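Colleague: Got a minute to walk me through this one? I'd like to start with the overall layout and then get into the details.

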Amino acid sequence: MPKKYVYSNRKFKSFLGNSRQGRYISDYLIALNAKRCVVENEYIDKDYTIDFQRYYSRAHKIISKYTHRIHFFSKSFSNKDFIEMLKGENDTLEDVLKKHYLGFVVVKPILDFNGDPLIGRTCLKTYPKIDGNMERHYLSSEQKATLYGIQLTVKSVPYQAQDRGVSACATVALWTALNTVSRLYDVRKVSPVEITEMSSTYPSRNRIFPQNGLTIEQMIICLRSLSLDAEVINITRQNNDFALKTAVKAYSNAGIPLIYILELIMQRNSALHATVNTGYKTDVARNIIELYIHDDQIGPYNKVLPIMPANNLRYWDNEWIRVMGYNNLRVDYIIVPIYHKMRLEFNKIFSEYIETIRSANEQFQEDANLDDTLLDIELLLYTIQSYKNELFNKQIYNKEDVLTKTLPRFLWVIRFSYNQQTFLDQVFDGTATYPTILENVSYY
Amino acid sequence: MSLNEAKRMEYHTLLRQKILRATENMRENQEAQKRKEELSAELSKLRESDLRKTCTI
């Protein structure tokens with residue numbers, strides 16, 4: 001009897017389990033047109049191994065140190081084809097697998113309170129960028145996986161469900177955020193149990209393990225333990241969601257995830273929750289119309305709509321409202337993991353941006369030949385590499401001088417476009433204490 | 001260079017002048033500076049009590 005590696009999409013649910021996250025991921029994979037999966041048994045997942053070593057290995061119940069890793073593909077192939085490829089008797093399947101790879105899900109040998117397996121490190125492909133006349137923008141980086149010697153890659157942000165033994169929502173949110181910025185900031189990746197331990201160096205009333213949650217202060221301490229800093233944006237007093245949308249667009253442009261601190265309200269009870277921003281969708285006019293989040297209680301790239309008719313993205317409409325019966329879900333704070341050299345704070349550059357919009361609109365309204373509704377002003381954060389790389393492919397004045405100019409590692413850019421054509425970038429020093437213009441980059 | 005390109009460049013120059021004038025006006029405007037400071041303070045305010053709230057969900 002040949003070994004069984006390959007399964008059809010009818011088996012996805014049995015591998016992923018019946019937890020909320022397992023069901024969400026099954027549906028997500030069907031939407032991505034997943035046809036086959038390959039199951040790697042006895043897979044050693046680094047994050048789980050550390051959690052196992054620090055927590056589960058000392059439990060009375062015998063728990064395996066191995067996980068299952070399930071790889072998904074959008075192309076049909078048989079178990080026989082796969083075995084032939086492993087034996088070196090099929091030259092074509094390797095390329096097919098690489099081309100149609102949708103990512104992987106680690107399933108832990110830990111069960112939740114309903115007896116369903118916990119979802120571990122998960123890296124799945126995102127939906128396509130173009131959606132009619134709208135665009136999806138995702139944070140993602142190349143995630144590598146080796147399946148029996150085959151090098152596979154998927155662009156994704158790692159996700160995992162919470163595990164009340166070692167990690168509640170805040171720990172998982174930090175884990176996702178730190179995984180996302182580890183390459184950008186050159187910081188080591190840490191497992192959920194390590195995050196909980198680092199955060200708990202600052203005392204709180206809660207037990208450390210099992211994990212019942214972290215305070216905002218503890219989350220900040222965790223980031224500082226890794227030589228990073230945290231910027232906390234208070235949007236509780238904002239009448240509209242413009243600060244939130246601006247922060248999402250600006251930081252996502254630099255590949256930096258935002259951690260949302262949300263208040264969930266059910267009748268008279270309320271509780272705080274933490275999730276991570278992993279993308280957003282824009283309409284034709286480049287306005288943000290929905291968010292994508294990694295929610296450890298729902299799943300990866302979960303779609304968040306604004307509560308209608310106010311169209312305000314501080315108030316969310318997703319599974320917490322539609323399925324789990326909460327009355328209200330509201331963003332109060334945003335925590336941004338910051339590299340210490342990013343000294344120009346969001347609140348300062350955002351205030352500069354708001355006043356620039358006000359003054360520019362006044363100038364345009366004074367001129368009868370100009371339509372101020374066609375003026376679009378964006379605030380974006382760049383690394384020097386990504387900004388120069390973008391300019392390299394644009395038609396700008398004094399291109400040689402601009403490209404060869406010494407600039408700081410991080411740049412804030414206020415970008416001006418008219419009728420969807422960019423004509424000016426005001427470039428600010430991201431490492432300065434106060435907003436300082438370094439360059440006005442003029443487009444043809 | 002086509003006529004359209006030349007016109008666009010001329011137009012963009014006009015737009016840039018408008019923006020540079022706008023930002024100059026903004027920096028000289030005391031009211032604008034005050035509003036900036038207020039908004040900046042509001043966005044960075046973190047109450048002690050909120051710092052100690054726990055994300056429990």
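Colleague: What distance separates the centres of domain 1 and domain 2 of chain A?
Modeller: Taken over C-alpha atoms, the two centres are 42 Å apart. Keep in mind that this is a predicted model.

Colleague: Which residues belong to each domain of chain A?
Modeller: Domain 1 covers 6–153 and domain 2 covers 346–442.

Colleague: OK, on to the contact between the chains. How many residues does each chain put in?
Modeller: Chain A puts in 44 residues and chain B 29 residues. On the chain A side, helix α11 (residues 346–366) gives the most, with 13 residues.

Colleague: And what's the chemistry of that chain A side, by nonpolar, polar and charged?
Modeller: There are 23 nonpolar residues, 14 polar ones and seven charged ones on the side of chain A that touches chain B.

Colleague: Back to α11(A) for a sec. How many of its residues are buried?
Modeller: 15 of the 21, so to speak mostly covered. End to end, from first C-alpha to last, α11(A) reaches 30 Å, close to the 30 Å expected at 1.5 Å a residue.

Colleague: Where do strands pair across the two chains?
Modeller: Strand β10 (residues 214–215) of chain A is joined by two bridges to strand β1 (residues 54–55) of chain B, running antiparallel. In that pair, A:L214 sits opposite B:C55.

Colleague: New topic: the sheet with β18 in it. What's the strand order?
Modeller: In chain A the order is β18-β19-β20-β21, an open sheet of four strands with antiparallel pairing. The edge strands are β18 (375–383) and β21 (437–442), each pairing on one side only. From one strand to the next, the twist averages 20°.

Colleague: How many bridges hold β18(A) to β19?
Modeller: Nine, with β19 being residues 410–418 of chain A. One opposing pair there is A:E378 and A:R415.

Colleague: Which helices lie across those strands?
Modeller: Helix α12 (residues 384–392) of chain A lies across β18, β19 and β21, at about 130° to β18(A). Helix α1 (residues 3–28) of chain B lies across β19, β20 (421–429) and β21 of chain A, at about 35° to β20(A).

Colleague: Last one: is β11 of chain A mostly covered or mostly exposed?
Modeller: Mostly covered, as five of the seven residues in β11 (residues 228–234) are buried. Seven bridges join β11(A) to the antiparallel strand β17 (residues 328–339) of chain A, where A:L228 stands opposite A:Y339.

Key:
Residues numbered from 1 in each chain as written. Chains lettered and ligands numbered in written order. Predicted model: local features only at pLDDT ≥ 70, side-chain atom pairs only at ≥ 80, totals over all residues. Domains from an automatic or database assignment. Contact = placed C-beta atoms within 7 Å. Nonpolar A, V, L, I, M, F, W, Y, C, P; charged D, E, K, R; others polar. Pairing = 2+ DSSP bridges. Buried ≥ 20, exposed ≤ 12 C-beta atoms within 10 Å, placed from the backbone. Expected span 1.5 Å × (residues − 1). Axes fitted to C-alpha atoms, helices over the stretch in contact; angles between N-to-C directions.
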